[in-house]
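Thank you all for coming; I would like to walk you through one part of a structure that will be new to most of you. Please have a look at it first, and then we will go through it strand by strand.

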Amino acid sequence: MKKTLSIFFSLLNAITMILSFTGCSENNKFVGEWSAQIDVSDEMNQGILDNDEELAKYFESDNLTISLNFTFDKNGSYKIEIDEASVDILCDNFAAVVKDGFTAYFTDLFAEQGMNVENFGGIDGALKVIGTSLEEIVKESVNKDDIKKEFEDVND
């Protein structure tokens, strides 16, 4: 996860450097407030793949975006802020990917052992046998506070 976010921040830094050149000219066409959406799905998918190839096939995401707000002043200065609501949405979407992925993974894992999760009342019943729940696994895997902390650097 940290590697994925590091890749994202590298891309963000490159964008920031490119945008910093806009302050070098007398042209004021960028003055004002702008916003952009950045899709981080590929970076997240690659981060999961780098950590565990076997699990990566279960955790394919395609709707993980964040919004950046840019403010350009006439004096050439600018400010970049991440839209907090978009980080919440990203976390919720990623949690859904993780939940679906672990559901498929554990269903296959139990099937390899000759067990059908439906015989346990579904995936939560099957996981209860081993002392956990799908909700606990998702909560451990997707810590919103940690993800938000990673994005706070952009506002600094």
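Let me begin with one pair of residues: Ser35 stands opposite Asn69 in β2, and in the same way Asp39 stands opposite Thr65 in β2. Before I go on, this is a predicted model, in which local features need pLDDT of at least 70 and side-chain atom pairs count only at pLDDT 80 or more, while totals for chains, interfaces and linings use all residues. Residues are numbered from 1 along each chain as its sequence is written, and side-chain values use heavy atoms, with hydrogens and water left out.

β1 and β2, the latter covering residues 65–72, pair in the antiparallel sense over eight bridges, where pairing requires that DSSP finds at least two bridges between two strands. Helices (H or I, at least four residues) and strands (E, at least two) are DSSP runs, numbered from the N terminus.

On to the next strand: β2 and β3 pair in the antiparallel sense over five bridges, and Leu68 has Ile82 in β3 as its bridge partner. These two strands form a hairpin with five residues between them, and Gly76 in the turn has a positive phi of about 95°.

Taken together, the three strands make an open sheet in the order β1-β2-β3, with antiparallel pairing. Its edge strands are β1 (32–39) and β3 (78–82), each of which pairs on one side only.

Finally, α4 is followed by Gly114, whose phi is positive, near 80°.
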